[in-house]
Amino acid sequence: MIFSVKKASFSYKYDASVLKDISFSVESGQVLAVLGPNGAGKTTLLKCMMGLLSWNSGTSFIDETPISRIHYRDLWKKIAYVPQAKNSVFSYSTEEMVVMGRSAHIGAFRQPGPEDYECAGQAMEEVGITHLKDKSCSEMSGGELQMVLIARALAARPSMLVLDEPESNLDFKNQLIILETIECLARERRISCVFNTHYPAHALKTASHALILTRDGESIFGPVQEVVNEENMRRAFDVNVHINEVEIGRKSYISVLALSVADSA
Amino acid sequence: MKAPYNLPVRALLAVLPILTALVCIGIGRYSMSVTESFTVLWSGITGKTYAVSPQAWSVVFNIRLPRILLAILCGSGLAVSGAAFQALFTNPLATPDTLGVASGASFGAAFGLLLGLPSIFVQISSLAFGLAAVSLSYSVSRVRGKSSIIMVVLSGLVVSSMFNAFVSLVKYVADPENQLPAITYWLMGSLASVSYRGLAIGAPLIIAGVALIFTLRWKLNILSLNEDEAKSMGVNVKVMRAGVITAATLVTGSTVAMCGQVGWVGLLIPHICRMIFGGNNRYLVPASISLGAVFMLVIDTVARAATSAEVPVSILTATIGAPFFVILLRRTGGSWL
């Protein structure tokens, strides 16, 4: 599956255009990281590309078909959305929460059947949360809840995952777990993943491509190694950075060191 | 520890309202044992009426049975509407009246009583104004073609208080000798004035509404998430919300039209069921239907049999329901949510 956005723009009412002339595409097995300062419209971009908000101009396509022409149930069998982890008012157990991801496959007046619970079980196993099966979502840590939401998205058996700041509020270890889960899903299941993040280093570690948004609505898209560079970081974030490759053992790691706030001249 | 929702529990939930009804139908000034009540009811089904005394037959079929049926419909209907609205508005404090249906229906009934309409028209006027109030709330909440849940709840609040003011106005102009007491008594809720004719109008609407919510019960879980999340699960949120609101409105409107304002059931019963079975609406909805019916049967039996005069139902639901709820709250600290 190829998901693409062509020449799309969006602005909220009475506001200067937030997103101008955005174009990018993601193929199966690729990971796209969306980077940008606060207020640049990262979450808005994700919502627009999935059709939760409508573009003012331009369109999102799945394999050259505009998504507005795809029936909503078929669309959400292909795309699964992982929102920012927030506790809901009512507490559902992990299994109940994950099986909700099957909804696009279940008719309006029907209840989930054994095969849906099987899918949910597999999704929980894939992200390694089977032991949380009966735990209530309202008693979970942020990291656990994020994994539950990823499992819920996977239960739909999608071709593409869209994750809204999946690792932002998590500790070191949980950040690594989430990033490795994304990498693994793309590599082994050939699921395309789109995630937005505050950390350029996470983009370099996990993503194959990056889309950088600047505060004046410009965007830069390309392979991650090419576009996440010192110049573009200064342009987008007004921060001087030093990007460094460190070799530890036989693997090399990339670090992004923030040096100082750049004078925005 | 949550109770499992397995076959024996489901069977118990199905049988409990029937057993309660059999017990309650025998309670009253003319009292009967469970077997006697059953014999009378059975004779009605088989048509062999000569086997029972005409007096017993008349008490059961003319006086008590319609009330029993109404109690079952009204209890399960209000409980299930409450559960549906709590999920839909993602708010544990939502009640069947959140969109103003009960206030609208109360005004409709008060207005009908003021005009001295026959009881069947009072019921129809009440139902019509209940539906009108919710349509008004829903249309007020639509800003530029979109309506968020918070707007729906707020406009429900506004419409509710407007119709409450109209009720006060009707009471103010009503004749204090006979109209005012009739209106006041009606507003406090009673199942006493039920008739088979009234049931014939109300029951199908209540049953249809409850059936719709029952079939959508699992989707209520998804509607209780935030809007974008629910949409991303491949649910047509707009249509689904409108369906649930219509169903709950028909149920509550018909209930209020037949027995006045019966408070508390829609809040109390879903929360008790949540405590027993957990928050999953797939189990919560059938449990609310069953326990709502049981609760209302018990309350109405107390209302008609505890004292020589009839006690208004809403006084009982509040005086029995509120302390019971407080005890549960203090025991659990609200941990079931």
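**Close-up views of a sheet in chain A and a helix pair in chain B**

**View 1. Helix α5 on the sheet of chain A.** In this predicted model, helix α5 (residues 142–155) of chain A lies across strands β6 and β7 (160–163) of chain A. The direction of α5 is at about 170° to that of β6(A). Helix α6 (residues 172–189) of chain A also packs on the sheet, where it touches β3 (31–35), β7 and β8 (192–197) of chain A. The angle between the directions of α6 and β8(A) is about 155°.

**View 2. Strand order in the open sheet of chain A.** The sheet has 6 strands in the order β6-β7-β8-β3-β9-β10 (chain A), and its pairing is mixed. Its edges are β6 (79–82) and β10 (219–223) of chain A, each of which pairs on one side only. From one strand to the next, the twist averages 15°.

**View 3. Pairing of β9 with the edge strand β10 in chain A.** Strand β9 (residues 209–213) of chain A is antiparallel to β10(A), and the two pair over 5 bridges. A:L211 has A:F221 in β10(A) as its bridge partner.

**View 4. Packing of helices α12 and α14 in chain B.** The axes of α12 (residues 265–277) and α14 (residues 313–332) of chain B come within 11 Å and cross at roughly 30°. Because angles under 35 degrees count as roughly parallel, α12(B) is roughly parallel to α14(B). Their crossing is left-handed. Helix α12(B) contributes B:V265, B:L268, B:I272 and B:M275 to the contact, and α14(B) contributes B:T317, B:G321, B:F325, B:L328 and B:T332. By class, the contact residues are 6 nonpolar, 3 polar and no charged.

Notes: Residues numbered from 1 in each chain as written. Chains lettered and ligands numbered in written order. Predicted model: local features only at pLDDT ≥ 70, side-chain atom pairs only at ≥ 80, totals over all residues. Pairing = 2+ DSSP bridges. Helix = DSSP H or I, 4+ residues; strand = E, 2+ residues; numbered from the N terminus. Axes fitted to C-alpha atoms, helices over the stretch in contact; angles between N-to-C directions. Contact = placed C-beta atoms within 7 Å. Parallel < 35°, antiparallel > 145°, perpendicular 65-115°, else oblique. Left-handed = near helix turned anticlockwise from the far one by under 90°. Nonpolar A, V, L, I, M, F, W, Y, C, P; charged D, E, K, R; others polar.
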